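Subject: Structure for you to look at

Hello,

Here is the structure I promised to pass on. Please open it first, then read the notes below it.

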Amino acid sequence: MSSNSHNPCGRVAVMRLAVVTILCSMGTLAAAQDQPAPKWELFGGCSFFHPGADVHGLLPGGISPVSSRLEPNPRGAGLSLTYDFNRWFGLTLDASTDWGSGEGTLGRKIDDAAFSNLSFGPKVTFHSAHFAPFLEALVGDHRLMPDAFHDIDKLGFMGGGGLDVNVSRHVALRLIRADYVMSSYQYGTSTSTPPTPKTDIRGVRLQAGVVLMWGGEPARTPVSASCTVNPSEVMVGEPATATATGSNFNPNHTLSYAWSSTGGRITGRDNTASVDTNGLAGGSYTVTAHISDPKMRKGGEASCSASFTVREPPKNPPALSCSANPTTVQTGTSSTISCTCTSPENVPVTVGDWTASGGSISGSGNTAMLSTTGASAGPITVSATCTDSRGLKSPPATTQVMVENPPPPPPQASKLSQCDFPNPVKPWRVDNTCKAALDDVAKNLQQNADSKLVIVGNAEPAEMLKNLAAERAVNSKAYLTGGESKLGIDPSRIEVRTGSGGTKTAEYWTVPAGATFSGEGTKTVDETKVKAVPDHPARAAAKKTTR
């Protein structure tokens, strides 16, 4: 009469219990909080019990224990009442009965048994808008009533969960409730020979039915807020007042208001706020209010926004005028450009955007310097603009600077040639080589009738004759104005000087009209005292006779 075959229904029940556990875990992630939690829940429905155990015991008149696998009972009913302390936690009183086949006892199947329980324990529910998965743990009286043995009551444990689908605020369908059932029973004595094993229930109870719900908070309309700004359009500097109105908040609670604005300085006081528009640019701005009820854990916050427009007064661009000093310059020189900028509204202004049609310009503040280096002769146009602190810009203001080529450099005296005086006996004498050079000088003077000639005579320091340098210059002049070749140069066109060259030479400098001879290092010869001495034979002979 013993059977140890494993019923596949037990596996199915365990799988269902695992599914319920997963659904309960997912319920915490998908919680929406529309549906308020009830205060009371009453469940009623059908029950299926799978013992998941072998019954062991002595039949009347039996000598040794018999064992058989207890069959699942699809016939049963369940009833439970739950009191919810809050949205999550409650206590459940549970009762269920699963009937056996009712075939009798002795001489009949011993694998048929009825089971009932009366238990109590905590329940955790994850309420959402449409679903309410739950977990529970129950402890109480478990009664096993096998057909072949007497009834036994023992302390037992149930743990599991389920899933309710909300039909309305007061009615839900319990799609599944799955609990693991654990309790132990002794049919016979452990001291008999052989001893009678315990009957350990390690099974599953499955239920489905209807849940009635009542009590708790009524369904609450979500809170909301609306905002207004008055006036909705202001000029820069004018204040605006914002007002926030909350709806569906608890009238007995004090609300908190937080204000913000995309422009201006906002100062809030409860449900109103003032917006300071000083310094704002024209445009549209938004005021936002956040209303919250500190006493509400969830769903006690709402926000609203309202827009207002800021208009700016008419804006006039600045006026700019520029002038140059000097207005006419020579190429390579500079001119200072000065600009005066004024704002009709007396706002700060800045001069910039300097440009020039020629040369180069660099500006700082209200002035700029125009450099004409490399510029061609002619007018140069300089322009600039003025911008105020609001970004308004004046039309370009211009002024002109006339650039002229510089006058040609003044003529300069230039050295035409020079003569050497190598004769040691007559060191003042103009020899033939020197006469040839002077002939060329004469031709130059004849070709340039407005030029003059400066003759600079020099002498070496070792030469002891007095006025030797002056004589070399005077003798050269004498050859040009009279001389053997009769050159006939006007004496007034020739100036004689002595120099500090320290050589036995006479230098011939032409001085064009308008030019001057610097005379640096030279002295004018007094021609009244120094006369031309082309030759001195008589004086030399007289000296020998005297001796």
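N248 counts as partly exposed, because its relative accessibility is 41% and partly exposed covers values between the 20% and 50% cut-offs. Please keep in mind that this is a predicted model. N248 lies in the loop between β13 (240-247) and β14 (256-261). Its phi is near 70 degrees, a positive value in a residue other than glycine. Why point that out? Because most residues other than glycine have a negative phi.

N346 also has a positive phi, near 60 degrees, and is likewise not a glycine. Look for N346 in the loop between β21 (334-342) and β22 (349-356). Is N346 buried or exposed? N346 counts as exposed, because its relative accessibility is 70% and exposed means over 50%.

Next, the cis peptide bonds. Most peptide bonds are trans. The bond that joins N230 and P231 is cis, with omega at about -10 degrees. P231 sits in the loop between β11 (224-230) and β12 (233-235). A cis bond also runs from N325 to P326, and its omega is near -5 degrees. P326 belongs to the loop between β19 (319-325) and β20 (328-330).

Now the helices. Where do α2 and α3 lie, and at what angle do they cross? Helix α2 spans residues 432-447 and helix α3 spans residues 468-481. Their axes come within 10 Å and cross at roughly 60 degrees. That angle makes α2 oblique to α3. The crossing of the two is right-handed.

Which residues make the contact? From α2 come K435, L438, D439, V441 and A442. They meet S476, Y479 and L480 of α3. By class, the residues of this contact are five nonpolar, one polar and two charged.

Last, the chain as a whole:

- The protein chain has 31 strands and four helices.
- Of its 547 residues, 40% are buried.
- Among contacts with a separation of 6 or more, 67% are between residues 24 or more positions apart.
- The exposed area of the chain is about 28700 Å², and carbon and sulfur atoms supply 56% of that area.

If you have time for one view, try the pair of helices. Put α2 and α3 on screen and find the right-handed crossing. Then step through the loops that hold N248, N346, P231 and P326.

Best wishes

Key:
Residues numbered from 1 in each chain as written. Predicted model: local features only at pLDDT ≥ 70, side-chain atom pairs only at ≥ 80, totals over all residues. Heavy atoms only, no water. Axes fitted to C-alpha atoms, helices over the stretch in contact; angles between N-to-C directions. Parallel < 35°, antiparallel > 145°, perpendicular 65-115°, else oblique. Left-handed = near helix turned anticlockwise from the far one by under 90°. Contact = heavy atoms within 4.5 Å. Nonpolar A, V, L, I, M, F, W, Y, C, P; charged D, E, K, R; others polar. Buried < 20%, exposed > 50% of the residue type's maximum accessible area, 1.4 Å probe, protein only. Areas by Shrake-Rupley, 256 points an atom, 1.4 Å probe, with all protein chains shown as cover.
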